[in-house]
Amino acid sequence: MSYCELCGRQTMEKKMVIVDGTVFNVCIACSKHGKPYAPAQVAAAKKKKPMAVIRQQKKIGLADATVLTPDFARLIREARMKMGLTHEQLGMKMNEKAQLLRKFETGALKPDELFAKKLERYLGIKLYVSAEGSGDDNEE
Ligand SMILES: [Zn+2]
């Protein structure tokens, strides 16, 4: 029995596909996300990295399958209050607009990835959670 190099599942039948210029031995399900392997394509893919390939890899997202937690508004508010900071004070520390922080805390606006990471750092919270629970440490 062998393992799919992308999802780590045991698989009877494996296919060689190219994902982002690298050849993987994967299960049939995962083979849909890559291009069929052909030696000439590897070199080409490495050089060019067509957008389609990059997008598909993102869709698989095995390495960083994280999403903004739906709870972000509450987490931000609670962390800020725990630190005893007003929106303005936190905004000043972060060099960001207090108005934005207010919107995040009411859930009216979603922080983009950069802002969310900043919030994580300043507030010591985790806003990004694994998209599929605990599937992080599969075998390679
Ligand atoms: Zn697989």
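R74 is a good place to step into this predicted model: with a relative accessible area of 36%, R74 counts as partly exposed. Its salt-bridge partner is E78, and the two side chains come together at 3.2 Å, N to O. E78 is partly exposed as well, at a relative accessible area of 40%. Why can these two side chains meet? R74 and E78 sit four residues apart in helix 4, so about one helical turn separates them.

Now stay in helix 4, which covers residues 72-82, and move along to R80. Is R80 buried or exposed? Its relative accessible area is 7%, and because the cut-off for buried is under 20%, R80 counts as buried. The side chain of R80 forms a salt bridge with the side chain of E105, at 2.6 Å from N to O. R80 belongs to helix 4 while E105 belongs to helix 6 (residues 98-106), so this pair ties together parts that lie 25 residues apart in sequence. Both partners, R80 and E105, are buried.

What else surrounds R80? Its side chain also makes a polar contact with the side chain of H87, at 3.4 Å. If you set aside the neighbours within four places in sequence, the residues in contact with R80 are L85, T86, H87, L90, E105 and L123. H87 and E105 therefore appear in that list as contacts and also as polar partners of the R80 side chain, H87 through the polar contact and E105 through the salt bridge.

Helix 6 offers another pair to look at. R102 forms a salt bridge with E88, and their closest N and O atoms are 2.7 Å apart. Here too distant parts of the chain are linked, with R102 in helix 6 and E88 in helix 5 (residues 87-94), 14 residues apart. R102 is partly exposed, having a relative accessible area of 37%, and E88 is likewise partly exposed, at 40% relative accessibility. Salt bridges with shared partners also build a network, which joins D71, R74 and E78.

To put these pairs in context, how many salt bridges does a search of the whole structure find? It finds five. Among them are R74 with E78, R80 with E105 and R102 with E88. As you turn the model, you can follow R74 to E78 within helix 4, then R80 across to E105 in helix 6, and finally R102 from helix 6 to E88 in helix 5.

How values were computed. Residues numbered from 1 in each chain as written. Predicted model: local features only at pLDDT ≥ 70, side-chain atom pairs only at ≥ 80, totals over all residues. Heavy atoms only, no water. Helix = DSSP H or I, 4+ residues; strand = E, 2+ residues; numbered from the N terminus. Buried < 20%, exposed > 50% of the residue type's maximum accessible area, 1.4 Å probe, protein only. Polar contact = N/O pair within 3.5 Å; in protein donor to acceptor, adjacent residues only side chain to side chain. Contact = heavy atoms within 4.5 Å. Salt bridge = Lys/Arg side-chain N within 4 Å of Asp/Glu carboxyl O.
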